Amino acid sequence: MKKNLLILLVMILCTSAINAQDEKGFFVGFDAGKRVISEISNKMVLYPSIGYQINSDWSLGIRTQIDFSDINFIYLGGYVQYNFLKFNKLNLFSEGKISLFYPIPGMRKDMNRVTEVGVNLGASYELFKKLKLNLRYLYLGYCSMPYWDLNDRYPLRVGKFILSGSLPRLQVGLQYTF
């Protein structure tokens, strides 16, 4: 009896492990967006990321920012992503994130570190078995920017909590899972 139960348990574990292999793994991502500094200054921003797909619903990762503008910040962020709605190859997700923006020493003396903690919304479309097209847009959360900067950039805010659907929040990119 014990032998039969052990064999059954091993078969169940092996079956679930084989099924789970298709849904998880390490990934690399590369998103791009646009930084609007003024009416005449629009620059591209790149967001490389690495992470781990835990299962078909959950993933976590870290992201940095390569900014080709004159803002001169170092950006680091971590995120947890949850796919809340699935249609065949299309997933809608929410992404809980924390982001830290540090001014490059000697470049920006008028700014301190900026922190954001909030939620992004997005969608992903599976182009091929391990390659996804991602779109991120809309942000709801806390931003520690000075009030005068928040007033100009985010008119939909209460204190330092903002709802941002501005153009710099739009990111489009690819994600490959190994």
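This report describes the enclosed cavity and the ring contacts of a predicted model.

Residues are numbered from 1 along each chain as its sequence is written. Because the model is predicted, local features need pLDDT of at least 70, side-chain atom pairs count only at pLDDT 80 or more, and totals for chains, interfaces and linings use all residues, while side-chain values use heavy atoms, without hydrogens and water.

A search of the whole structure finds one cavity of 30 Å³ or more, a cavity being a set of points, on a 1 Å grid over the protein atoms alone, where a 1.4 Å probe fits but cannot get out. The volume of the largest cavity, taken as the space filled by probe spheres set on the points, is about 30 Å³. Its lining (residues with an atom within 4 Å of a point) includes Phe27, Asp31, Arg63 and Tyr79. Strand β1, a DSSP run of E of at least two residues, gives the largest share of this lining, three residues.

Two of these lining residues, Arg63 and Tyr79, also appear in the table of charges over rings (CZ of Arg or NZ of Lys within 6 Å of the ring centre and within 35 degrees of the ring normal).

| Charged residue | Ring | Distance to ring centre |
|---|---|---|
| Arginine 63 | Tyrosine 79 | 4.2 Å |
| Arginine 169 | Tyrosine 139 | 4.3 Å |

There are five aromatic pairs, with ring centres within 6.5 Å. One of them joins tryptophan 58 and tyrosine 82, tilted (neither under 30 nor over 60 degrees) at 45 degrees between the planes and 4.7 Å centre to centre. Tryptophan 58 lies in β3 and tyrosine 82 in β5, so the pair ties together parts 24 residues apart in sequence. Tryptophan 58 is partly exposed (between 20% and 50% relative accessible area, 1.4 Å probe, protein chains only) at 39%, and tyrosine 82 is likewise partly exposed at 30%.

Definitions and conventions:
1 Å grid on protein atoms, 1.4 Å probe; cavity = no way out; pocket = protein on both sides within 12 Å on 5 of 7 lines; lining within 4 Å. Helix = DSSP H or I, 4+ residues; strand = E, 2+ residues; numbered from the N terminus. Phe/Tyr/Trp six-rings, centres within 6.5 Å; stacked < 30°, edge-to-face > 60°.
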